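Got a protein on screen and no idea where to start? Let's go through it together, one question at a time.

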Amino acid sequence: KSTRQHDSERSRQPLLSVNGKRTEAAGAGCGPERARPRCPPPPAAVAGRAPPSVHLRRPQSRVGTARSGGTMGTTAGQQLRALFYVLPPGESSFRTLEEVPDYVEKSIPFFIAFIVLEFAVSWVQHHKLPGRINDGISSLSLGILSRLPDVLFRSVDLVSYIYVWNNYRLFELPWDSPWTWYLTFLGVDFAYYWFHRISHEVNILWAAHQVHHSSEDYNLFTALRQSFLQRYTSWMFNLPMALFIPPSVFAVHLQFNLLYQFWIHTEVITSIGPLEWILNTPSHHRVHHGKNPYCIDKNYGGTLIIWDRIFGTFEAEDAKVVYGLTHPVNSFEPILLQLRPLAHIWNTFWATPGFCNKLSVIFKGPGWGPGKPRLGLPEEIPEVTGNEVPFNPSVPVYLNCYAVVHFVVIMEVYIDLLATVTVLSQETILLRIGIIILSLTSFGFLMENRQDIKLFFFSFSNTNNTMSKSQGPNAGILEIIRCSVFLGVYKLGCLRNQLSLVNYVYEVLFSLCIAFWGIQIMKQITSSKDKHL
């Protein structure tokens, strides 16, 4: 058979994909599923034998050389160029979906390096840091949460795309043609423009997307501040491309479009000259993140700014941009930031009279109300004075240091989870995800210095039977629960590090933290009792 016929037949085989990796549908030659290992994984799995199947999680990652069927990883130089969308077709075209690298996951070290570089440049330029510890931890927490579904489930974007490709495609463009590559580049960015614009103009979609805009800082941390709900609405905008563009080409550009938007979240780059006319740049995207009236609903482009210029949504940077939401959430707790807008829509839906008005609450703009235009009234947008003070609760220095140290530990757990997901049992994966979510939630409470966490305990005043606003034991109790759970799961062997010294440090650290918070709680309880005597 000719090479083109062979490629065509392979592309028609049933596929399921996760983040650019392909698995064949069950058929001849597929053996029975092996028993799942408990934690820790058996030595055979670590030694390189085939890992057991787990229904929920994605298949083992495989990467390939461009324009070939071989398997090899991307180089550091290729990863760096992928961040700026300058990896040419000859190095980023793949025959099958399973050969497409996970560029996003492999970019984590570059994310860290560029964040450090941004802090250094900002200090040299302005003698100040570009962000705050509390907001930075909040952004990273939201970024981690947004990626956790990829550990458990197959990518909605790719699964839906492949389904349309396998069943409804009209014709097939060659995967190895530069013309296909550049057409997909334009198609993915065009689809992103409209998805992004509609996410600002439809209330239910804005409820997911607003997470990314909730930071009152603008730095590379903000780029990682993502919603875990947004992926379940963005997939439909890409489906027209599935009628003729191979999934392997689409998977590459889906990642490149996302990665490009990382570096434009910074204030240390003012302008990039004539490229400002074509590309989305830090200057253009700063406008998009502003809550100044002139910034609202502007500059939706992902990689290119030409779509905004064509469709009338472009705005150049002018007055100093003040970042964040027009109505700030004032929280660093990641679950609250994800779900509070949905609760607001729910309450508004039931409080609004009339069936049509109720539908408008969901499908019209976030500023809509009965008798108002679809996107609300511009005059109702709060004025920006330039004297706005970001939400920044006073937190002791030791608590900031504590949160940073423990966040680094959880980052290590998260990165190790991504690296070992194919050899872990389903139970171990779920335990690690649970610990990550519990920890990120607790860090949010600590960064707010919250002492009135209704979810766990209440502190009531004996005089008026109302919740006390004084520093009660609640945040400490949550930390005791978190540290105890972490230590318990560690003792089960589900969080073991390959370095025995690190394991010892973890055990000592979390034991000391449990004791520390226990002492703090006893002091607060004793102090509270003395005040009421």
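What follows is a chat about the spaces, the surface and the charge pairs of this predicted model.

Reader: Let's start inside. How many cavities of 30 Å³ or more does a search of the whole structure find?

Author: Rolling a probe the size of a water molecule over the atoms shows where empty space is left. Do that search over the whole structure here, keep cavities of 30 Å³ or more, and the count is three.

Reader: What volume does the second largest cavity have?

Author: Look at its walls to find it: the lining includes Asp135, Arg225, Pro328 and Phe391. Ser214, Ser215 and Glu216 are also among the lining residues. The volume of this second largest cavity is about 90 Å³.

Reader: And how do the residues of that lining divide into nonpolar, polar and charged?

Author: You can spot members of each class on the list. Val329 and Leu337 are among the lining residues, and both count as nonpolar. Asn330 is also there, and Asn falls among the polar ones. Sorted in full, the lining has five nonpolar, four polar and three charged residues.

Reader: Now something open to the outside. Which residues lie nearest the centre of the second largest pocket?

Author: This pocket has a volume of about 1200 Å³ and a lining of 42 residues. Helices α8 (178-201), α9, α15 and α16 each give two or more residues to that lining. By class, the lining holds 18 nonpolar, 18 polar and six charged residues. Nearest the centre you'll find Trp206, Thr326, His327, Pro366 and Gly367.

Reader: I've heard of greasy spots on surfaces. Which helix supplies the largest share of the nonpolar patch?

Author: The patch covers about 550 Å² and is made by Ile204, Leu339, Leu342, Phe355, Leu359 and Phe363. Two helices, α15 (334-351) and α16 (355-363), each supply at least two of its residues. The largest share, three residues, comes from α16.

Reader: Is Ile204 buried, partly exposed or exposed?

Author: Ile204 is in helix α9, which runs over residues 203-213. Its relative accessibility is 32%. Buried would need under 20% and exposed over 50%, so with 32% Ile204 counts as partly exposed.

Reader: On to charges. How many salt bridges does the count come to?

Author: Side chains of opposite charge can pair when their charged atoms come close. The cut-off here is a side-chain nitrogen of Lys or Arg within 4 Å of a carboxyl oxygen of Asp or Glu. By this rule the model has 14.

Reader: How many residues apart in sequence are the parts that Asp150 and Arg231 tie together?

Author: The closest N and O atoms of this salt bridge are 2.6 Å apart. Asp150 belongs to helix α6 (residues 133-152) and Arg231 to helix α11 (residues 231-234), so the pair ties together parts whose separation in sequence is 81 residues.

Reader: Are those two partners, Asp150 and Arg231, buried or exposed?

Author: Under 20% relative accessible area means buried. Asp150 has a relative accessibility of 5%, and Arg231 has a relative accessible area of 17%. So Asp150 is buried, and Arg231 is also buried.

Reader: Which helices does the pair of Glu507 and Lys491 link?

Author: Glu507 and Lys491 form a salt bridge with the closest N and O atoms 2.3 Å apart. The partners are 16 residues apart, and the pair links distant parts of the chain: Glu507 in helix α20 (residues 500-531) and Lys491 in helix α19 (residues 474-491).

Reader: What about Glu172 and Arg169: what is the N to O distance in their salt bridge?

Author: Glu172 is partly exposed at 29% relative accessibility, whereas Arg169 is buried at 16%. Their side chains meet in a salt bridge, and the N to O distance is 3.8 Å.

Reader: Last one. What distance separates the C-alpha atoms of Ala343 and Ala207?

Author: Ala343 is found in helix α15 and counts as partly exposed at 38% relative accessibility. Along the chain, Ala343 and Ala207 are 136 residues apart. In space, their C-alpha atoms are separated by 9.3 Å.

How values were computed
Residues are numbered from 1 along each chain as its sequence is written. This is a predicted model: local features need pLDDT of at least 70, side-chain atom pairs count only at pLDDT 80 or more; totals for chains, interfaces and linings use all residues. Side-chain values use heavy atoms; hydrogens and water are left out. On a 1 Å grid over the protein atoms alone, a cavity is a set of points where a 1.4 Å probe fits but cannot get out, and a pocket is an open set with protein on both sides within 12 Å along at least five of seven lines; lining residues have an atom within 4 Å of a point. Grid points are joined across faces, edges and corners, and a volume is the space filled by probe spheres set on the points. Patches are made of residues with over 30% relative accessible area and no salt bridge: like charges are joined within 9 Å, nonpolar side chains (Val, Leu, Ile, Met, Phe, Trp, Tyr) within 5 Å. Accessible areas come from the Shrake-Rupley method with a 1.4 Å probe; for residues, only the protein chains shown count as cover. Helices (H or I, at least four residues) and strands (E, at least two) are DSSP runs, numbered from the N terminus. Buried means under 20% relative accessible area, exposed over 50%, partly exposed in between (1.4 Å probe, protein chains only).
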